Amino acid sequence: MRLINFASGSKGNSTLVTLGETHLLIDCGISFRRLQLGLNFAGVALDDIEAVIITHTHSDHIGGLPVWFRKSHLKFLVPELAARSIVRMAGAGNGDGRFAYFRAGRDYRLADVELNAFPVSHDAPETVGLKLVGEGERLAYVTDLGVVAEDIPRLLERQDVIFLEANHEPELVAACSYPALTKKRILGPRGHLSNQQALALLTGLAFPPRAVVFGHLSENNNSPELLQSRAVECELERRVEHVAVASQRRVTSVEL
Ligand SMILES: [Zn+2]
Ligand SMILES: [Zn+2]
């Protein structure tokens, strides 16, 4: 299994996941040029991508869609509740047969990969986390959620890799210069996960993953160093073999 994150954060998100022989992209919040550079790095051809799964409709996850749609033959799997606006945004007319739709809480199959899209608490319609299983390898992708709902720890048990949001330090958000409403959103139950929430989730798992990639770090209210010092405080390395931190600007790769 291989996960290559091309970019992660509030300015754009996209991740390539390879399970068995199947290549999938998660989110299209980066330019087509950056996608091409990422795929070159990965040694994967655009035509070999099975589908692009879109977790939700915020621009940092979907902003590249119109150009990706126009310049490629990629197929997109998108939340059904937002389907109409997504197809319109792509400038895709009736979708050209390149859109399929999912509902949170249901299971799907993409080539030889099973996909479970589960709902998370966030302020976009039908935002999902993803669980992907292919050839016995298991990966979970969870970003853009304000709280760890009751069912999420159970869903994240026994994964090989978890890509998990660790967005901010609450004290830094509270003290920063953002407008009050923005702070309230970030810290609220439909905003983003803090370092503490992410680490509590991971350290509470009975069967932790072999690898964790932290993502969607705030550039103003978090840093890889701060997150890593929090991870050391809770002895994450005793439970998880590989820990990486994804970046807004560079590629991050994990292979098991
Ligand atoms: Zn986001
Ligand atoms: Zn979002």
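How many bridges join strand β4 to strand β5, and do the two strands run parallel or antiparallel? Two bridges join β4 (residues 49–53) to β5 (residues 76–79), and the pair runs parallel. Strands pair here if DSSP finds at least two bridges between them. Within this pair, valine 52 has phenylalanine 76 of β5 as its bridge partner.

A few conventions help in reading on. The model is a predicted one, in which local features need pLDDT of at least 70 and side-chain atom pairs count only at pLDDT 80 or more, while totals for chains, interfaces and linings use all residues. Residues are numbered from 1 along each chain as its sequence is written, and chains are lettered from A and ligands numbered from 1 in the order in which they are written.

In overall terms, the protein contains nine helices and 14 strands; these are DSSP runs numbered from the N terminus, with helices being H or I of at least four residues and strands E of at least two. The radius of gyration is 17 Å, which agrees with the value near 18 Å for a compact globule of 256 residues; it is taken over C-alpha atoms, and the globule rule is 2.2 Å times the number of residues to the power 0.38. The C-alpha trace spans about 50 × 45 × 35 Å along the principal axes. Among contacts between residues at least 6 apart in sequence, 65% join residues at least 24 apart, a contact being two C-beta atoms, placed from the backbone, within 7 Å.

Strands β4 and β5 belong to an open sheet of seven strands with mixed pairing, in the order β6-β5-β4-β3-β2-β1-β14. At its edges stand β6 (99–102) and β14 (252–255), each with a single partner strand, so one side of each has no neighbour in the sheet. Strand β3 (residues 22–26) is joined to β4 by four bridges, again in parallel, and leucine 24 stands opposite alanine 51 in β4. The route from β3 through α1 to β4 is a right-handed β-α-β crossover: with the strands pointing away from the viewer, the path from the first strand over the helix to the second runs clockwise.

A second β-α-β unit, also right-handed, is made by β12, helix α9 (residues 224–233) and β13. Here β12 (residues 211–215) and β13 (residues 242–245) pair in the parallel sense over four bridges, with valine 212 opposite valine 243.

The loop between β12 and α9 holds asparagine 221. This residue is buried, with 23 other C-beta atoms within 10 Å; the class of buried residues requires 20 or more, exposed ones have 12 or fewer, and partly exposed ones lie in between, with C-beta atoms placed from the backbone. Beyond four places in sequence, asparagine 221 touches His168, Glu169, Leu172, Val173 and Cys176.

Of the 256 residues, 42% count as buried. The largest nonpolar core has 61 residues, and those with the most contacts inside it include Ile54, Leu130, Val213 and Phe214; such a core is a set of buried Ala, Val, Leu, Ile, Met, Phe, Trp, Tyr and Cys residues joined through C-beta atoms within 7 Å. Leaving aside neighbours within four places in sequence, valine 213 is in contact with residues including Leu3, Val161, Phe163 and Val254.
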